[in-house]
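This report describes one protein chain, moving from its ring pairs to its core, its charged pairs, its surface and its backbone. Please keep the structure open while reading.

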Amino acid sequence: MQQTVTKKRIEFIDLLRGWAVIVMIQTHVFNATLVPALTETWYFQWLRFVDGLVAPSFLFASGMAYAVTTRRKINDYLSFGPPLFKQVGRLLFILLIGYGLHIPKFNYYHLRYEAGPLAWQVFWQVDVLQCIAISLLFLQGMLLLLRSEKRLYMTMIGVTVAIVVATPLVWGVDFWGTVPVPIASYLNGLHYSLFPVFPWSAFLFAGALCGYFYLRAKDAAAGEAGAGSIARMMARTSWWAAGIIAASFVIHPVASMVYPFYGYWLSPSFYMLRLGLVLLLCAGMYLFERKRGVSPRSVVALVGRESLLVYTVHLMIVYGKFGYFTFADRVHQTFGYGEAALTTVILIAMMYGLAFAWSWVKSAPQRVKRLTEGVVLAAFVAVFFFGPN
């Protein structure tokens, strides 16, 4: 029965994460290519609002995925078995990729002789991958400390609320003068960081909590006919989402008078509105999967399943500095909506092809997978040391 739980859950989580990555591609392409005047139109403002749900959805889905893998491997984790060390290694690898995407330029000569202090300060900025990796490492550490899945998630309710409430206060302090820059960058976005743990980790923790309650509902369904308890849980999630969204508008004027340093984008209101919308998206993805089913080769599901690869490669294509210029520099915000939309479609198609190919490689014999990994690694090393500066 547990195997069925995992399979069903991963499908609609993949849909949520895949939707986030696909919209993320559109966001990055539009930001890099659109003529600045077009970003002032009412249409773009609505588009920006939708784009603003991408990061919360991506983080939320990562938290839900953690909940299901923890349920399947909790005994190995608590006994310090090999799956624990594999999980920690994977999270450290995600952290490494996050920092790798912010290398001033992927070229040895440039890093050794040309990159200045400012470039290395920017290097330490915290983006979504670093936020995910550190937040999941924190969850893993708390599980080892508390020794119980239930105690972990009950504790995380308080931690999530504390992060949301403390965010405006934390953003009022410049930590660069008091703690090392790599650590200070995780606390707020006063210096370059786009996704510091305050407040962004709270979306991941909320996703982990939602995943935990989903699995509890799935356990209850084991003794029932059908998935009635899960459907009821998702219905309650939708009502909770509506309540959170309504509450976000109510507390906004009160919170603005309480905090000495306050802005809407840092406020509990901002978090609650987007969390409510993400919860509605999550319930909608579950309903879609239940009513229509999900093909393992569908664009959204496959991109969601290979989200780390797609996220990394599409950023390298749009913003990566491997030679004399980047794609974003070459286009230099000269596209209209039509050109930007066509570029988005082409890039999504490329990323789907990449995800499909990598999915095939993973299912191929082990020697094929190792050979592919070796060729890719050798190509990166060659570009790093011998590519044009």
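## Aromatic pairs

The structure holds 30 aromatic pairs. One of them is formed by Phe30 and Tyr337, whose ring centres lie 6.3 Å apart; the planes meet at 40°, so the pair is classed as tilted. The two rings come from distant parts of the chain, with Phe30 in helix α1 and Tyr337 in helix α16 (residues 337-363), 307 residues apart. Phe30 is buried, because its relative accessibility is 7%, under the cut-off of 20%. Tyr337, at 24%, counts as partly exposed. The model is a predicted one, and these values are computed from it.

Ring pairs also build a cluster. Its members are Phe195, Trp200, Phe203, Tyr264, Trp265, Phe270 and Tyr271.

## Nonpolar core

Which residues touch the most other members of the largest nonpolar core? They are Phe12, Phe60 and Leu139, in a core of 111 residues. Helix α10 (residues 197-221) supplies the largest share of this core, with 16 residues.

The surroundings of Phe12 can be listed by residue. Leaving aside neighbours within four places in sequence, Phe12 is in contact with Met64, Tyr214, Met234, Cys282, Met285, Tyr286 and Glu289.

## Salt bridges

Side chains of opposite charge can pair when their charged atoms come close. How many salt bridges does a search of the whole structure find? The search finds six.

In one of these, Arg305 pairs with Asp14, and the closest N and O atoms are 3.8 Å apart. Arg305 belongs to helix α13 (residues 299-305) and Asp14 to helix α1 (residues 2-33), so this salt bridge ties together parts that are 291 residues apart in sequence. The two partners can also be described by their accessibility: Arg305 is partly exposed, with a relative accessible area of 33%, whereas Asp14 is buried at 4%. A second link between helices is made by Glu149 and Arg71, where the closest N and O atoms are 3.2 Å apart. Glu149 is in helix α8 (residues 149-170) and Arg71 in helix α3 (residues 54-78), so the pair ties together parts that are 78 residues apart in sequence. Glu149 is buried, with a relative accessible area of 14%, and Arg71 is buried at 16%.

A further salt bridge joins Glu373 and Arg370, with 3.1 Å between the closest N and O atoms. Both residues are in helix α17 (residues 366-386); they are three residues apart, so about one helical turn separates them. Glu373 counts as partly exposed, with a relative accessibility of 29%. Salt bridges with shared partners also join Asp14, Arg17 and Arg305 into one network.

## Nonpolar surface patch

Which residues make a nonpolar surface patch of about 600 Å²? The patch is made by Trp42, Tyr43, Trp46, Phe49 and Val50.

Val50 is placed in helix α2 (residues 42-51). The relative accessibility of Val50 is 36%, so this residue counts as partly exposed.

## Backbone features

A cis peptide bond is found between Phe198 and Pro199, with omega at about 5°. Pro199 is part of helix α10, the helix that gives the largest share of the core, 16 residues.

Positive phi values occur at Phe80 and at Gln333. For Phe80, phi is near 55°, a positive value in a residue other than glycine. Phe80 sits in the loop between α3 and α4 (82-100) and is partly exposed, at 46% relative accessibility. For Gln333, phi is likewise positive and near 55°, again in a residue other than glycine. Gln333 is in the loop between α15 (327-331) and α16, and at 37% relative accessibility Gln333 counts as partly exposed.

Terms used:
Residues are numbered from 1 along each chain as its sequence is written. This is a predicted model: local features need pLDDT of at least 70, side-chain atom pairs count only at pLDDT 80 or more; totals for chains, interfaces and linings use all residues. Side-chain values use heavy atoms; hydrogens and water are left out. A nonpolar core is a set of buried Ala, Val, Leu, Ile, Met, Phe, Trp, Tyr and Cys residues joined through side-chain atoms within 4.5 Å. Buried means under 20% relative accessible area, exposed over 50%, partly exposed in between (1.4 Å probe, protein chains only). Helices (H or I, at least four residues) and strands (E, at least two) are DSSP runs, numbered from the N terminus. Contact means heavy atoms within 4.5 Å. Patches are made of residues with over 30% relative accessible area and no salt bridge: like charges are joined within 9 Å, nonpolar side chains (Val, Leu, Ile, Met, Phe, Trp, Tyr) within 5 Å. Accessible areas come from the Shrake-Rupley method with a 1.4 Å probe; for residues, only the protein chains shown count as cover. A salt bridge is a side-chain nitrogen of Lys or Arg within 4 Å of a carboxyl oxygen of Asp or Glu. Rings of Phe, Tyr and Trp (its six-membered ring) pair if their centres lie within 6.5 Å; planes under 30 degrees apart count as stacked, over 60 as edge-to-face and the rest as tilted.
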